[in-house]
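Please look at the sequence and the model together before reading on. The report below takes up the ligand surroundings, the sheet and an annotated span in turn.

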Amino acid sequence: MPASLILVGAGKMGGAMLEGWLADGLPGARVAVIDPSPSPAMLALCAAHGIAVNPADPVEPEALVLAIKPQGLDAAGPALAPLAGPGTLVVSVLAGKTIANLKDRLPRARAVVRAMPNLPASIRRGATGAAASPETGEDQRRTAHALLSGIGLVEWLDGEDLIDAVTAVSGSGPAYIFLMAEALAAAGVAAGLPAEVAARLARQTVAGAGELLGQSPEEPATLRQNVTSPGGTTAAALGVLMAEEGLAPLMREAVAAAKRRAGELAG
Ligand SMILES: NC(=O)C1=CN([C@@H]2O[C@H](COP(=O)(O)OP(=O)(O)OC[C@H]3O[C@@H](n4cnc5c(N)ncnc54)[C@H](O)[C@@H]3O)[C@@H](O)[C@H]2O)C=CC1
Ligand SMILES: O=C(O)[C@@H]1CCC=N1
């Protein structure tokens, strides 16, 4: 873990990573947060862990983690450039922004890791794809790995060309699963259940299935088959979901749209 870390942007994703790092044992005294409008919950978390918020004269840290909106990079660049020296490990989670885009705004930076985590980082169940600039040293790679593996699974990529696909699959992916819970609950209401009962059953079904998938050595397809009695109710439902025009082509289209959008955010 780095001896000093500045988190720039402590919103939903930055906040989730910070929660994960703190749960992983990163001492708050090593961390500073820069954010012009931190939420009350973030201020409370920082106060509880002795984390400096918007220090007056921040100094170049060992690790500078960027978690602002991609569209905010131009405006933030001038304030961030002095914090990213040749020895600083820069970790960016900005969707679409390439390592070259980041180096444009942080001209002294050498070691840049472009990472795409996801929101379950807050409970250390995240999934991150990452790629490092060629100048990133072995120690800095180890530091980046310690940070990212502290919040869940890490897949290192040979180059950054796959990060937009990672963004579309696992970066945005939790939203697809939450939507599944919403849609299942709504379908339950349509099938006659009281709304609150449907919401509780759908939520626990998605959470329980996710937990089982996380703990089981079986493939998702095997777990699906374990639910499916021949000629039974699940088979009837899967006949719809697995039809030619069912979930698979829809998911392909959704992931392609997210990947396309990530490409548009570059620059
Ligand atoms: N939300 C998610 O599930 C994921 C988000 N990301 C990436 O994380 C980044 C942040 O996204 P969210 O957390 O969802 O957005 P957010 O809006 O919740 O957080 C952004 C934070 O940046 C702060 N901010 C704005 N300008 C700033 C500046 N100049 N200096 C310091 N802080 C500044 C805002 O006050 C806010 O707290 C984006 O680049 C996004 O692509 C990546 C993976 C997943
Ligand atoms: O929606 C977005 O652009 C960000 C990137 C991945 C998840 N949230």
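Which helices each supply at least two residues of the shell around ligand 1? In this predicted model, they are helix H1 (12–23) and helix H3 (73–80), and the largest share, three residues, comes from H1. The shell holds 26 residues, the closest of which are Gly9, Gly11, Met13, Ala76 and Ala95. By character, the residues around ligand 1 divide into 16 nonpolar, seven polar and three charged.

As for confidence, the mean pLDDT of the protein is 98, with 100% of its residues at 70 or more, and the model scores ipTM 0.99 and pTM 0.97.

The strands form an open sheet of eight, in the order E3-E2-E1-E4-E5-E6-E7-E8, with mixed pairing. Its edge strands are E3 (52–53) and E8 (152–156), each of which pairs on one side only. Three of the pairings are set out here.

| Strand pair | Sense | Bridges |
|---|---|---|
| E5 (residues 89–92) and E6 | parallel | four bridges |
| E6 and E7 (residues 126–132) | antiparallel | four bridges |
| E7 and E8 | parallel | five bridges |

Individual residues show how these strands are matched: Leu89 has Ala111 in E6 as its bridge partner, Arg114 is partnered by Ala131 in E7, and Thr128 stands opposite Val154 in E8. The connection from E5 to E6 involves helix H4 (residues 99–105), and together E5, H4 and E6 make a right-handed β-α-β unit.

Strand E6 deserves a separate look. Why can E6 be described as largely enclosed by the rest of the structure? Six of the six residues of this strand (residues 111–116) are buried, so E6 is largely enclosed; a residue is taken as buried here when 20 or more other C-beta atoms lie within 10 Å of its own. In a regular strand the side chains alternate between the two faces of the sheet. In E6 both faces are covered, with Ala111, Val113 and Ala115 buried on one side and Val112, Arg114 and Met116 buried on the other. Arg114 is thus among the buried residues of E6, and is also the residue paired with Ala131 in E7.

Finally, an unreviewed UniProt entry carries the annotation "domain: Pyrroline-5-carboxylate reductase dimerisation" for residues 160–265. In the model, that span is 78% helix and 0% strand, and its end C-alpha atoms lie 15 Å apart.

Conventions
Residues numbered from 1 in each chain as written. Chains lettered and ligands numbered in written order. Predicted model: local features only at pLDDT ≥ 70, side-chain atom pairs only at ≥ 80, totals over all residues. Buried ≥ 20, exposed ≤ 12 C-beta atoms within 10 Å, placed from the backbone. Pairing = 2+ DSSP bridges. Right-handed = clockwise from strand over helix to strand, strands pointing away. Near = placed C-beta within 6 Å. Nonpolar A, V, L, I, M, F, W, Y, C, P; charged D, E, K, R; others polar. pLDDT = per-residue confidence, 0-100. UniProt positions renumbered as here; feature names shortened; annotations may be inferred.
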